[in-house]
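Here are my notes for a colleague opening this entry for the first time. I hope they help you find your way around.

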Amino acid sequence: MARYGREIAKANILASRRKTLHKIQKGFCAYCNEYVILENATVDHRIPISKGGTHSMDNLYMTCHDCNKKKGNQTEKEFRRWLLRCKVHAKNKANDTSE
């Protein structure tokens with residue numbers, strides 16, 4: 001029962017912070033920079049809880065569902081490196097097909 005209560009408290013904190021983050025970031029996903037309506041916004045931990053992160057505002061970003069899901073348990077730094085590799089790979093593929 002205590003665990004259930006903690007999960008509800010955490011959900012309430014994150015819902016409140018989601019609104020704040022949405023306003024701070026002007027509705028744009030921290031990773032893909034696409035606009036996200038508040039109802040579809042998710043809160044992402046820059047350093048996941050499982051890797052020692054906290055629920056503090058300086059460890060949170062507002063993201064779109066797709067980016068949050070793709071990021072999974074990676075840190076922000078790891079995910080940004082992955083995104084960069086994907087962009088470089090896509091650019092190289094586009095150049096290969098245009099020849």
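1. Take the contacts between residues at least 6 apart in sequence: 50% of them join residues at least 24 apart. Please keep in mind that this is a predicted model. Several of the pairs described below link distant parts of the chain, such as tyrosine 31 with tyrosine 61 and arginine 46 with glutamate 76.

2. For the overall layout, look for three helices and two strands. Going along the sequence, you will meet them in the pattern α-β-β-α-α. The chain has 99 residues, and 29% of them are buried. Its accessible surface comes to about 7200 Å², with 56% belonging to carbon and sulfur atoms.

3. Aromatic rings are a good place to zoom in, as the whole structure holds four aromatic pairs. One of them is formed by tyrosine 31 and tyrosine 61, edge-to-face, at 5.9 Å centre to centre and with 85 degrees between the planes. Tyrosine 31 sits in the loop between α1 and β1, while tyrosine 61 belongs to strand β2, 30 residues apart.

4. Tyrosine 31 counts as buried because its relative accessibility is 7%, under the 20% cut-off. This residue also pairs edge-to-face with phenylalanine 79, at 5.0 Å centre to centre and 80 degrees between the planes. Here the loop between α1 and β1 is linked to helix α3 (residues 76–98), across 48 residues. Is phenylalanine 79 buried or exposed? Phenylalanine 79 is buried, at a relative accessible area of 0%. Together, ring pairs join Tyr31, Tyr61, Phe79 and Trp82 into a cluster.

5. Threonine 63, in strand β2 (residues 60–63), deserves a look too. Its relative accessible area is 0%, so it is buried. Its side chain makes a polar contact with that of threonine 42, at 2.8 Å. Beyond its neighbours within four places in sequence, threonine 63 touches several residues, including Cys29, Ala30, Tyr31 and Asn68.

6. How many salt bridges are there? The count comes to four. In one of them, the side chains of arginine 46 and glutamate 76 meet at 2.7 Å, N to O. Arginine 46 lies in the loop between β1 and β2, and glutamate 76 in helix α3, 30 residues apart. Arginine 46 is partly exposed at 26% relative accessible area, whereas glutamate 76 is buried at 13%.

7. Glutamate 76 has a further partner: arginine 80, with the closest N and O atoms 3.0 Å apart. Both residues lie in helix α3, four residues apart, which is about one turn of the helix. Arginine 80 counts as partly exposed, at 33% relative accessibility. Through shared partners, Arg46, Glu76 and Arg80 become one salt-bridge network.

8. Another salt bridge brings together the side chains of glutamate 78 and lysine 51, at 3.1 Å, N to O. Glutamate 78 is in helix α3 and lysine 51 in the loop between β1 and β2, 27 residues apart. Both count as partly exposed: glutamate 78 at 31% relative accessibility and lysine 51 at 41%.

9. Lastly, do turn the model to view its surface. Phe28, Tyr35 and Ile37 form a nonpolar patch there, with about 300 Å² of accessible area together. Phenylalanine 28 is in the loop between α1 (2–24) and β1 (42–45), and at 34% relative accessibility it counts as partly exposed.

Key: Residues numbered from 1 in each chain as written. Predicted model: local features only at pLDDT ≥ 70, side-chain atom pairs only at ≥ 80, totals over all residues. Heavy atoms only, no water. Patch = residues over 30% accessible without salt bridge, like charges linked within 9 Å, V, L, I, M, F, W, Y side chains within 5 Å. Areas by Shrake-Rupley, 256 points an atom, 1.4 Å probe, with all protein chains shown as cover. Buried < 20%, exposed > 50% of the residue type's maximum accessible area, 1.4 Å probe, protein only. Polar contact = N/O pair within 3.5 Å; in protein donor to acceptor, adjacent residues only side chain to side chain. Contact = heavy atoms within 4.5 Å. Phe/Tyr/Trp six-rings, centres within 6.5 Å; stacked < 30°, edge-to-face > 60°.
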